Amino acid sequence: MVFESLADKLQQTFKKLRGKGKLSESDVAEALKEVRMALLEADVNFKVVKDLVAKIKERAIGQEVLESLTPAQHVVKIVNEELTNLMGGTQSRIAIASRPPTVIMLVGLQGAGKTTTAGKLANLLKRQGKRPLMVAADVYRPAAIKQLEVLGEQLEIPIFTMGQDNPVNIAKKAVDQALMMARDIVIIDTAGRLHINEELMNELKSIKQTVKPHEILLVVDAMTGQDAVNVAESFNNDLGIDGIILTKLDGDARGGAALSIKAVTGQPIKFAGMGEKLDALEQFHPDRMASRILGMGDVLSLIEKA
Amino acid sequence: MGFFDKLKAGLEKTRKSFTEKIEQLVIGYATIEDELLDDLEAVLLSADVGVPTTTKLMTEIRNGIRNKQINSPDDLKPFLQDKINTMLLCKHHAEPIENDPPTVILIVGVNGVGKTTTIGKLANYYHESGKKVLIAAADTFRAAAIDQLEIWGQRAGTEIIKHAEGSDPAAVAFDAVQAAKARKIDIVMIDTAGRLHTKANLMEELKKINRVIAKEIPAAPHETLLVLDATTGQNAISQAKLFGDVVALTGVVLTKLDGTAKGGVVIAINNELSLPVKWIGVGEGVNDLRPFAAAEFAAALFSDK
Ligand SMILES: Nc1nc2c(ncn2[C@@H]2O[C@H](COP(=O)(O)OP(=O)(O)OP(=O)(O)O)[C@@H](O)[C@H]2O)c(=O)[nH]1
Ligand SMILES: Nc1nc2c(ncn2[C@@H]2O[C@H](COP(=O)(O)OP(=O)(O)OP(=O)(O)O)[C@@H](O)[C@H]2O)c(=O)[nH]1
Ligand SMILES: [Mg+2]
Ligand SMILES: [Mg+2]
């Protein structure tokens, strides 16, 4: 995309500003206009943007500009710090249950990447020496079970299916089966659903009540726009999610949805999907995500060094 | 109240519908003030309309106020709806049914937007309107993509051309077009694998599919539809641009409008790229497809869900 980076724009905004002293309110106001625009263009929810900009303003006004930084760099530094903070400083991992099996349930909108992520996660855990079982609890989408079966074959990981049976029943039987087969991880692939579909949201609640998953992970497409907050809030209210997996980050989406979702749920983003292949699942790095949203990788590393 | 709680409380407001908000605005402001316009801008942004197009619409509103087309807050909603409608109508194509069949329709888009499902729905639609339809499983990459299309073919009662998983997608497309000519098919629809528009090798593959089709029927594909997920934000513009660089897009299918996402980014796409929306997806069922109606869409942006 032909985005002019925020850093460039800020550089121009501050061009007039000679010498280094305190940042005045009007200097900051100009700069924050650009910050606001950049965040909105990155799909950060506009309400989150508003709160964030207010916070940045508070911090920036009246601050001494460091010797080593231009005023533009200084504002960028503050913006970046606030973004990283909001995104949750550290990386997270899957909580492994003390008594196996650890039950992980993947939920989300249609096409977000749940089934693929189930395969990726199983693959990752298998490589860490675990023995996963994947569960085909999507009984609606055409060939959803077959899709999981193909992934299971590719990964040489068993899958549990009962055809088009009731998903709650499937999940329950799958956990029983895992105990019998001594599988220590159960990954439940659920059907994509809209957060406003009460019937299907109730189905997830029933699965939760029945198998008491250790991790309910919301799978979110990195290209999601402003609606990300509504989706995340609904899933979180109904199910109480334990974390988020952000998919399709291998494209050019700025991924502002990450910030929005973090803001409404407070839950950590645990993994990033970086491709269609089954090894394309990575740890999520909040700091990298912050610079991605702002669209300025290199500038930040320079500032970090200053 | 913690930071997250505060944000959450704040976000409650964003969930309220467009209408509700505008009505509140209208009640809350006797005359048009800057704050009212700011709130209106927020409403557009929250529908994914994007900064440049929102700015453009806001300028139109300000002009409308200046030249007395808008005289009270009550005039705002109809004015805006009309402007959006006009933007969406800027370029509209008729259906591309060829006099000299088969008509070839190529379906492209990023991963998981609803391409295969849309083909199923369209196949059903054309089949029911009396056409002979053939669908081609040129997504040979994703696990069980062929099986998925086969089930849709059964639902729609149409024939399907498929090769083995992992085979060359262009060869499937070629076969399909040839078979269509031989079997006097009216409409051929080609399902392609989801691909991110930034992946050069996958976009190259799309070009090859295109070339192979054109070799059989020079005017084909007669229609190349980009499928966009209504939940997508500003990245959809990049998708439309980059897919458009590789294949000659003739329109957009906007899916998943049965959720709460407004799909406002298509306004920006229409505005910036003059690419018309032709169909909308409103569910996962075989009948959940509607022709796009600009006025309805503009109105729906303002409606409760
Ligand atoms: N490029 C890319 N594609 C991905 C990623 N994760 C998933 N996909 C693709 O996204 C599409 C949808 O993935 P699925 O795993 O079928 O999504 P789902 O959420 O299970 O879909 P439903 O079950 O229909 O709701 C497929 O084409 C996947 O290959 C990712 O990280 N990057
Ligand atoms: N609610 C809703 N879901 C839809 C709609 N269209 C498609 N879906 C769902 O979205 C998911 C993905 O649809 P697909 O047709 O497999 O998408 P695709 O673009 O072919 O995906 P890939 O081939 O993996 O890139 C499925 O769960 C569909 O049922 C729609 O209009 N509304
Ligand atoms: Mg799935
Ligand atoms: Mg498909």
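**Two ligands and a cavity**

A backbone N or O atom of G111(A) lies 2.9 Å from an oxygen atom of ligand 1, and this contact is a good place to begin reading the model, which is a predicted one. Ligand 1 lies between chains A and B, and 24 residues surround it, with G113(A), K114(A), T115(A), T116(A) and R141(A) as the closest. R141(A) also makes a polar contact through its side chain, where an N or O atom is 2.5 Å from an oxygen atom of ligand 1. The backbone takes part again at G273(A), which has a polar atom 3.2 Å from an oxygen atom of this ligand. Of the 650 Å² of accessible area that ligand 1 has on its own, the protein covers 96%.

Looking at the shell around ligand 1 as a whole, one finds four nonpolar, twelve polar and eight charged residues. The element that gives the most to this shell is helix α5 of chain A, spanning residues 114-127, with four residues.

We can now turn to ligand 2, which likewise lies between chains A and B. There are 23 residues around ligand 2, and those that come nearest are K115(B), T116(B), T117(B), D258(B) and E284(B). A polar backbone atom of G114(B) is 2.8 Å from an oxygen atom of the ligand, while the side chain of Q148(B) places an N or O atom 2.8 Å from a ligand oxygen. K121(B) contributes a polar side-chain atom that lies 3.4 Å from an oxygen atom of ligand 2. The protein covers 96% of the 650 Å² of accessible area that ligand 2 has on its own.

Which helix gives the most to the shell around ligand 2? Helix α6 of chain B, made of residues 115-128, does so with four residues, and the shell divides into four nonpolar, eleven polar and eight charged residues. In the unreviewed UniProt entry, residues 101-259 of chain B carry the annotation "domain: AAA+ ATPase". This span is 43% helix and 21% strand, and its end C-alpha atoms lie 36 Å apart.

Apart from the ligands, the structure holds five cavities of 30 Å³ or more, and the largest of them has a volume of about 150 Å³. This cavity is lined by 17 residues, and L109(A), D221(A), T224(A), D229(B) and T231(B) lie nearest its centre. Strand β5 of chain A, residues 215-221, gives the most to the lining, with three residues, and by class the lining has eight nonpolar, five polar and four charged residues.

Definitions and conventions
Residues are numbered from 1 along each chain as its sequence is written. Chains are lettered from A and ligands numbered from 1 in the order in which they are written. This is a predicted model: local features need pLDDT of at least 70, side-chain atom pairs count only at pLDDT 80 or more; totals for chains, interfaces and linings use all residues. Side-chain values use heavy atoms; hydrogens and water are left out. On a 1 Å grid over the protein atoms alone, a cavity is a set of points where a 1.4 Å probe fits but cannot get out, and a pocket is an open set with protein on both sides within 12 Å along at least five of seven lines; lining residues have an atom within 4 Å of a point. Grid points are joined across faces, edges and corners, and a volume is the space filled by probe spheres set on the points. Helices (H or I, at least four residues) and strands (E, at least two) are DSSP runs, numbered from the N terminus. Ala, Val, Leu, Ile, Met, Phe, Trp, Tyr, Cys and Pro count as nonpolar, Asp, Glu, Lys and Arg as charged, and the others, Gly among them, as polar. A residue is near a molecule or strand if one of its heavy atoms lies within 4 Å of it. A polar contact is a pair of N or O atoms within 3.5 Å; within protein, one must be able to donate a hydrogen and the other to accept it, and residues adjacent in sequence count only if both atoms are side-chain atoms. Accessible areas come from the Shrake-Rupley method with a 1.4 Å probe; for residues, only the protein chains shown count as cover. UniProt positions are given in the numbering used here, feature names are shortened, and annotations may be inferred rather than shown by experiment.
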